[in-house]
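Hi everyone, thanks for making time. I'd like to walk you through one structure today, so let me put it on the screen.

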Amino acid sequence: MKLNIAVFFGGESVEHEVSIISAHQAIEALDKNKYNVIPVYVSKERKLYVSDLLKDISNYKDLKHLISQCTQVSITSEDNRVVIRPVKPSLFGPKELGTIDVAIPVMHGTNGEDGTIQGFFEMLKVPYAGCDLYGAAIGQDKVLQKNVLNDNNLPITNWFWVYGSEMDTHQSEILDKVHRLIYPVIIKPARTGSSVGISIAHNDEEYLACFDEARQYDEKIITEKVVKPMREINCSVVGDSYSCVASVLEEVSSVSQDELLSFSDKYLGGSKSAKSEGSKGMASTARIVPAPLTDEQTRLIQQLAKETFRVLGTSGVCRIDFLMDADTKKVYVNEINTIPGSLAFYLWKAAGVSFSELMDKLVELALDRERRRSKMTFSYETNILSNFSASSAKGSKGSKM
């Protein structure tokens, strides 16, 4: 009997369109002999839609028209089933549109990769792929992430963070911190991805302009020392806290030492030809696989990747990005992507693992976690309210000493 696999994508995020690309790659990779695949589109208004039309990415050229042809749905837990129901059922139409056995979120950035959709799955008690709520939240918030990495003695660059609003009242103090890092520095929103809102500043004037740009996307703003000359190395990890494996490494080609890969570089190939062929997501980024490193350097980065994966409490398929000083060869953990673009399938393909096998592994990990959780205690059978009275409404927490 086939499993019903629901792939959730879209969402209220600046990476909405990137999510659509990644999700369709995942949908194509899921083995239709094993699974009934249900695409669940999450609009920018946080409404859920289903339709077979969602399986054809060419339909997204006119998104408004596509949504008008889809069915808005609600998803509820009923009698140990997770049921998809139309929000406005027709008189003679079906009252159920299917059930979900496993959910796979392919939602990048806020409201999807940050624990929001994971919390929804937790409420439904549906098995889901990838990080749990806690791992997703820490993986998305780079401030929390860097503090955990630092506390576990993993190498990170010099950095600091402030709330965007602090620039209005503490500009001189913030600039003093920047000067101690020494220009150039990278400014980034704490909870976005795909290079959105990220830029490099070489002086105070540029820094203030870049800061204003970054604060449009998040309340927390991170400033980091630029590693120069820099090499960008990425590694994917698949597994959970019990067992995980690292992929081959890639070296990402930046435009120059003073520039960062832009959203266009990552997802549109940075060229007219790439755009004309249609985006292949992160798979279209200029890269060298495997990365031209020594065996010792490769093993070190793979070990750091697995340790980062473990201490951040992540699971599923992630991609950990590293910075290497090209002169000293010192390696720094840059960040983790808990739902990476294109699910980093290209790194596993290079290791002989097909995208379909990678999706099978995600389903397996989701079911394994649910089996473990079914044996855990989350609540007790109690009868506290049997003795409840109006005179004791305050309870123990409301008592006065």
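Let's begin with the annotation. In UniProt, an unreviewed entry marks D321 and E335 as "binding site". Please keep in mind that what you see is a predicted model.

So where do these two sit? D321 belongs to strand 14, and E335 belongs to strand 15. Buried or exposed, you may ask of D321? D321 comes out at a relative accessible area of 9%, and since the cut-off for buried is under 20%, D321 counts as buried. E335 is buried as well, at 11%.

Now for the neighbours, leaving aside residues up to four places away in sequence. D321 touches I233 and N234, and also Y332, V333, N334, E335 and N337. E335 has D321 among its contacts, along with R319 and I320. The rest of the list for E335 is K142, Q145 and K188. So the two annotated residues touch each other.

Let's zoom out to the strands that carry them. Strand 14 covers residues 316–325, and its pairing with strand 15 is antiparallel, over six bridges. If you want a landmark for the register, look at L323, which stands opposite Y332. The two strands make a hairpin with five residues between them. For those of you who check backbone torsions, K329 in that turn has a positive phi of about 70 degrees.

How enclosed is strand 15? Seven of the seven residues in strand 15, 331–337, are buried, so this strand is largely enclosed by the rest of the structure. As a general reminder, side chains in a regular strand alternate between the two faces of the sheet.

For contrast, let's go to the surface. I384, L385 and F388 form a nonpolar patch there, and together they have about 390 Å² of accessible area. I384 sits in the segment after helix 12, which spans 355–373. With a relative accessible area of 66%, I384 is exposed, because the cut-off for that is over 50%.

One last stop: D151, in helix 5, which runs over residues 142–151. D151 is exposed too, with a relative accessible area of 61%. How far apart are D151 and V311 in space? Their C-alpha atoms are 9.6 Å apart, although 160 residues separate them in sequence.

That's my tour. If you take one picture home, take the annotated pair: D321 on strand 14 and E335 on strand 15, in an antiparallel pairing. Thanks, and I'm happy to take questions!

Terms used: Residues are numbered from 1 along each chain as its sequence is written. This is a predicted model: local features need pLDDT of at least 70, side-chain atom pairs count only at pLDDT 80 or more; totals for chains, interfaces and linings use all residues. Side-chain values use heavy atoms; hydrogens and water are left out. Buried means under 20% relative accessible area, exposed over 50%, partly exposed in between (1.4 Å probe, protein chains only). Helices (H or I, at least four residues) and strands (E, at least two) are DSSP runs, numbered from the N terminus. Two strands pair if DSSP finds at least two bridges between them. Patches are made of residues with over 30% relative accessible area and no salt bridge: like charges are joined within 9 Å, nonpolar side chains (Val, Leu, Ile, Met, Phe, Trp, Tyr) within 5 Å. Accessible areas come from the Shrake-Rupley method with a 1.4 Å probe; for residues, only the protein chains shown count as cover. A salt bridge is a side-chain nitrogen of Lys or Arg within 4 Å of a carboxyl oxygen of Asp or Glu. UniProt positions are given in the numbering used here, feature names are shortened, and annotations may be inferred rather than shown by experiment. Contact means heavy atoms within 4.5 Å.
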